[in-house]
Amino acid sequence: MPFMEFYPRTTLYQYCSAEAFHGILQSKTLWYTDLAGANDPREIHLGYEHVLEAIRSVSNESKGSLRRALGKLSEGLSHARQEQQAFCSCFSLARDELPMWGAYGGNHSGLAIGFRPTAIVSMPGRLQRVTYLDENTGQGFRDLVRTIATEIDPEAEDEIYWINATASVFAAVTALKHDTWSYEREARLVYVQVKEAPEGKAASIPMDYFDDGTELYWRKPLERRGIAGDVCYVAFPFGRRLDDSVEHTGAIERVILGADCKLTRDEVDAALKSHGYVRYEIMDSNCRIRVA
């Protein structure tokens, strides 16, 4: 199993506006946003500097091949920070939580789309639970590094192994957030590719793979308007992969309407049916809040 990967056994939710809901249904894709444009400006710093420091600390107390292995990971992460770009699509394990509606559900006027796990694990990238850490406490980061150390083979000599190991740890590092965001109960699908389009022989090296082994090559990121300006993103179809195609019809298990959602259950049902979705339920949020 790839390092730090997470296989969910429960529904994964995306809270969104009514407009975004219609866009997701129609496009049958999810956006992976460049982490450099994340809501919490501490994420990149939290994910790199503290983990690199923790690797050095754990390496100093280790010996032999493990110490050399951690040194390889440290060098790889430093290189990845300069050369690679991490994109993520975010989900929540929180089914119907008031803070999530306010932050991501169109200020209670949107919806929460509950995706079946099989629709998400077929998508590119590594699906991971977000780890919430206090940037003022180094112990949490050292514990994370020790966990990583138990999953690597320090005796491995194959270069491809260490490329994949570094990519996995890089993805795990990008799934760290400050503990003030822990209410989100976030799971993050992280896709990593180099910042610049590869040339020559490098262009023939896959950036990632779909779960059926289909190779995925570098793609030029798209742009959208974000809170702090233009944000890069890439889009991939959701659903179960079958014979090089993606079956989306059973991807959505549940849709929850926010307390101030202007769409009715019948309108949501009609939208789902018009795009071919089946086997879902529609329900109202249990959260209640006074809205203007």
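Colleague: What makes you say that Arg-254 touches Thr-11 and Glu-281?

Modeller: This is a predicted model, and contact here means heavy atoms within 4.5 Å. By that test Arg-254 touches Thr-11, Tyr-13, Arg-95, Ala-112, Ile-113, Gly-114, Glu-281 and Met-283, leaving aside residues up to four places away in sequence. Arg-254 itself sits in strand β15, which runs over residues 252-257.

Colleague: Why is Arg-254 called buried?

Modeller: The cut-off for buried is under 20% relative accessible area. Arg-254 has 8% relative accessibility, so it counts as buried.

Colleague: How do you know which side chains make a polar contact with the side chain of Arg-254?

Modeller: We look for a pair of N or O atoms within 3.5 Å, one able to donate a hydrogen and the other to accept it. The side chain of Tyr-13 meets that at 2.6 Å. The side chain of Glu-253 does too, at 3.4 Å. Glu-253 is adjacent in sequence, and such a pair counts only if both atoms are side-chain atoms; here the contact is between the two side chains, so both partners qualify under that rule.

Colleague: Let's move to helix α8. Why do you say that its buried residues line one face?

Modeller: In α8, residues 265-274, the buried ones include Val-268, Ala-271 and Leu-272. Looking down the axis of α8, the buried residues fall within an arc of 95°, so they line one face of the helix. There is a handy general reason for such patterns: an α-helix has 3.6 residues a turn, so residues three or four places apart point the same way.

Colleague: Which residues are exposed on the other side of α8, and what covers the buried ones?

Modeller: Asp-266, Lys-273 and Ser-274 are exposed on that other side. The cover over the buried residues includes α1 (18-27), β4 (111-115), β15 and β16 (281-284). Strand β15 is also where Arg-254 lies. Just after α8, Gly-276 takes a positive phi of about 90°.

Colleague: And the whole chain: what makes it as compact as a globular protein of that length?

Modeller: The protein chain has 8 helices and 16 strands. Its radius of gyration is 20 Å, close to the 19 Å that the globule rule gives for 292 residues, so the chain is as compact as a globular protein of that length. Buried residues make up 48% of the 292. Of the contacts between residues at least 6 apart in sequence, 79% join residues at least 24 apart.

Conventions. Residues numbered from 1 in each chain as written. Predicted model: local features only at pLDDT ≥ 70, side-chain atom pairs only at ≥ 80, totals over all residues. Heavy atoms only, no water. Helix = DSSP H or I, 4+ residues; strand = E, 2+ residues; numbered from the N terminus. Buried < 20%, exposed > 50% of the residue type's maximum accessible area, 1.4 Å probe, protein only. Arc of directions from axis to C-beta. Rg over C-alpha atoms; globule rule 2.2 N^0.38 Å.
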